[in-house]
Amino acid sequence: MKILAFAGSTSSTSINKELVKFVLKSFQQHEINLIDLNDFSMPVFSVDLEKKGFPNQAHDFLNQIKECDVIICSLAEHNRSYSAAFKNIFDWASRINVKVFQNKPMLLMSTSPGGYGGGNVMNTAKTFFPQFAADVKETFSLSKFYENFDLESGIINPELLKELNEKIENFKNEIA
């Protein structure tokens, strides 16, 4: 099975990327493609630019999705929504293919330093991603990242670790 994984952030210290990398340890027997959104940087979407053609990076992002079997992602929350970098990639890609996620099973996550764990962006994505052909099988939000996550060990809160492990197992059963 081919897994496409990414964090919805371009930060070099992305906590969402750390969460994705931690979860990927549960999928080591599979082929993993962990992409960096910085590799898909392109001009801010506009109809005027669209008339001139689509950036190669938008096509590349869609091809990454096409070539995978499942998607594991964790979205950063900026001002209660997607990061500008992710939203721009999503906007360009959706203009090429409205079924951006191409019916791929998805483990959708979010984390933040605050107590809501990126819940706003999670709620938005859970609502809208299926309209763009995401087959969201499981979701997980990790609140208070810096209290509940250690860069060496991963999730250190036993209840949250148990919850995540159950969701990973459910996800694996859904995609088997």
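In which sense do strand 1 and strand 3 pair, and over how many bridges? Keep that in mind as you load the model, which is predicted: local features need pLDDT of at least 70, side-chain atom pairs count only at pLDDT 80 or more, and totals for chains, interfaces and linings use all residues. Residues are numbered from 1 along each chain as its sequence is written, and side-chain values use heavy atoms, with hydrogens and water left out.

**Stop 1: strand 1**

Select residues 2-7, which form strand 1. Helices (H or I, at least four residues) and strands (E, at least two) are DSSP runs, numbered from the N terminus. Here is the reply to the opening question: strand 1 and strand 3 pair in the parallel sense, over five bridges. Two strands count as paired if DSSP finds at least two bridges between them. Click on F6 and then on C73, its bridge partner in strand 3.

Now add residues 31-34, which are strand 2; four bridges join this strand to strand 1, and the two run parallel. Here A5 has L34 as its bridge partner. Add helix 1 (residues 15-24) as well, and you have a right-handed β-α-β unit made of strand 1, helix 1 and strand 2. Right-handed means that, with the strands pointing away from the viewer, the path from the first strand over the helix to the second runs clockwise.

**Stop 2: L4**

Strand 1 is largely enclosed by the rest of the structure, because five of its six residues are buried. Buried means under 20% relative accessible area, exposed over 50%, and partly exposed in between (1.4 Å probe, protein chains only). Zoom in on L4, which counts as buried at 0% relative accessibility. Leaving aside neighbours within four places in sequence, L4 is in contact (heavy atoms within 4.5 Å) with N33, I35, Q64, I65, C68, V70, I71 and I72. Try a distance label to E67: C-alpha to C-alpha, L4 and E67 are 8.4 Å apart in space, yet 63 residues apart in sequence.

**Stop 3: helix 5**

Next, select residues 119-128, helix 5, and colour its buried residues G119, V121, M122 and A125. Looking down the axis of helix 5, you will find these within an arc of 160°, so they line one face of the helix. The arc is that of the directions from the helix axis to the C-beta atoms. Show strand 3 (70-75), strand 4 (104-111) and strand 5 too, as they are among what covers those buried residues.

**Stop 4: T139**

Finish in strand 5 (residues 134-142), where T139 lies. At 18% relative accessibility, T139 counts as buried. Beyond its neighbours within four places in sequence, T139 is in contact with L108, M122, K126 and K167.
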